[in-house]
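Hi everyone, thanks for coming. Please pull up the sequence and the model, and let's walk through one corner together.

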Amino acid sequence: MLLLVLLVVLILLIVRRRKIQKFINLSKQIKCEIRSYPLIGHAYLLTGGSVNFMNTFQMFAREAIRNGGMTNLWIGSKYYIVAVDAADIEIVLKSSLEKDNVVRFVRNFIGNGPIFAPVSIWRPRRKVTAPTFSLKNLNRFVKIFARQSANLVQALKAVEGNGAQPVWNYMTTYTLDSVCETVFGVKMNSHENQEEPILKAFEIVSSLIAERMLQPWLQTDSVYKLLSCHYRFEKNKKVLHDFVKKVITLTRERLKENCETDESSTNRAKCFLELLIEASGGERGYSDVELLEEGLVMLIAGTDTSASGMSFTVSMMANNPDVQDKVFQELHEVFGDSDRPVVPEDLPHLKYLDAVIRESMRLYPPVPIIVREIHADTQLPSGITVTKECAIIINIWGVHRNPAYWGDDAEEFRPERFLEETGRHSVAYLAFSNGPRNCLGTQYSMMSMKTALATLFRNYRVLSPEDNMKQSAGVTNREPLKVKFEVMMKDVDGFRVKLVKRKNHIKRT
């Protein structure tokens with residue numbers, strides 16, 4: 001019996017070896033000093049939870065930088081190339097539009113939403129969705145962003161002057177309220193409830209998806225369905241699905257009854273869901289399933305990505321008071337001593353704030369990696385020909401810290417680099433991805449973040465918590481933020497800062 005088992009194991013190993021031989025040959029052309037073990041590869045590095053996931057991504061990013069732009073990563077028999085070279089990545093993003101099969105765990109949640117949909121579904125849907133993100137539509141939403149920003153400032157009074165406090169929940173309630181009103185036409189008022197069920201459900205779902213994506217032992221459906229985490233996933237997924245389904249039903253009824261949809265008489269901005277229904281053909285257009293998929297993506301991307309970008313920016317302002325002073329100076333130049341809300345015409349004048357947000361998202365990109373599957377042998381500018389069926393992890397965290405594009409001060413926070421003409425490669429900055437499948441909501445996200453942060457910094461000065469600093473030889477050195485990976489990258493401590501109410505609009509010298 002033992003001999004039979006050993007024979008079966010041997011046969012399986014031989015079959016496996018033959019199946020991955022082309023990947024083994026390719027991996028020999030690429031350097032990697034990180035130890036890989038038979039059968040499991042580098043999977044041993046992906047134990048320990050969300051903090052260790054991010055530590056592993058950072059480790060492979062640094063290894064790729066040391067090796068000139070790429071390195072190897074084996075998760076079991078699945079082979080990945082980790083890339084941080086902008087020229088190589090540009091070719092991959094243009095030529096390989098299919099997402100790697102690992103995203104099937106996200107599809108279990110959002111179905112064929114545009115971020116993770118197969119190309120055959122993504123392409124026609126993008127043609128329908130893209131026009132709804134016109135500047136004309138987005139400018140109409142700034143009034144909503146401004147009103148929700150005022151709610152954010154009001155809610156932050158609860159932690160004002162109370163020492164270092166996490167602000168993540170306040171940022172997510174702002175983005176959730178903004179997204180629900182602009183995308184679904186629903187006023188959530190979650191800023192009044194820090195325990196909003198939708199936010200809690202999404203937090204749990206994100207964590208479970210990240211664990212399953214990165215841990216091979218959780219990826220077999222028959223095994224996963226026996227675990228308690230599967231029950232938690234389905235329970236919280238239902239919370240989010242039921243919410244969006246209910247909104248779709250109400251929106252269809254509103255459109256059918258033609259209640260308050262004539263902009264010429266009401267001057268009301270149509271929400272994205274209304275625009276999508278109309279753009280897709282009305283009652284003959286998108287089905288409820290398709291609208292559910294589109295709505296879930298907008299809900300998730302609009303809430304978590306923007307909240308993450310805002311929160312990292314707040315943390316960077318707290319750690320860099322000189323930069324915060326420059327931001328406030330710019331705000332004073334635009335708004336003077338008034339407390340009027342932000343309007344669309346203000347946003348193009350907030351150039352330094354724009355640079356600060358982009359620099360924060362360079363060092364701490366909310367989406368730190370994306371994965372593409374190669375469907376045809378492809379020669380890259382680096383000279384490597386990547387093999388069909390292998391996958392490439394585009395390590396955005398690594399690209400953003402690659403000295404080849406960002407100089408010797410790549411690890412430093414310096415917003416001015418986004419105001420300088422450098423001739424830097426266009427794909428060296430990937431906070432909103434790049435290529436044909438780049439983020440459609442880039443402008444929406446930046447307008448939302450700029451409106452909220454302008455309002456916040458006009459009202460509060462943010463200070464760094466003392467435990468985020470080290471004293472060395474009389475010089476204060478800021479510790480890098482400790483981050484975790486839960487599909488999005490977040491601060492482990494919930495973005496703790498001190499909030500001090502501004503008494504005077506500006507310190508004049």
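First, some vocabulary: contact here means heavy atoms within 4.5 Å. Axes are lines fitted to C-alpha atoms, for helices over the stretch in contact, and angles run from 0 to 180 degrees between N-to-C directions. Helices (H or I, at least four residues) and strands (E, at least two) are DSSP runs, numbered from the N terminus.

Do keep in mind that this is a predicted model, where local features need pLDDT of at least 70, side-chain atom pairs count only at pLDDT 80 or more, and totals for chains, interfaces and linings use all residues. Residues are numbered from 1 along each chain as its sequence is written, and side-chain values use heavy atoms, leaving out hydrogens and water.

Now the sheet. Its four strands make an open, mixed sheet in the order 1-2-7-4, where pairing takes at least two DSSP bridges between two strands. Strand 1 and strand 4 are the edges, each pairing on one side only. Strand 4 runs antiparallel to strand 7, with five bridges between them.

And what lies across strand 1, strand 2, strand 4 and strand 7? That is helix 3, running at about 125° to strand 7.

Within helix 3, residues 86–95, the buried ones are Ala 86, Asp 88, Ile 89, Val 92 and Leu 93; buried means under 20% relative accessible area with a 1.4 Å probe, protein chains only. Seen down the axis, these buried residues fall within an arc of 155°, so they line one face of helix 3. That arc is taken from the directions from the helix axis to the C-beta atoms.

How values were computed:
Buried < 20%, exposed > 50% of the residue type's maximum accessible area, 1.4 Å probe, protein only.
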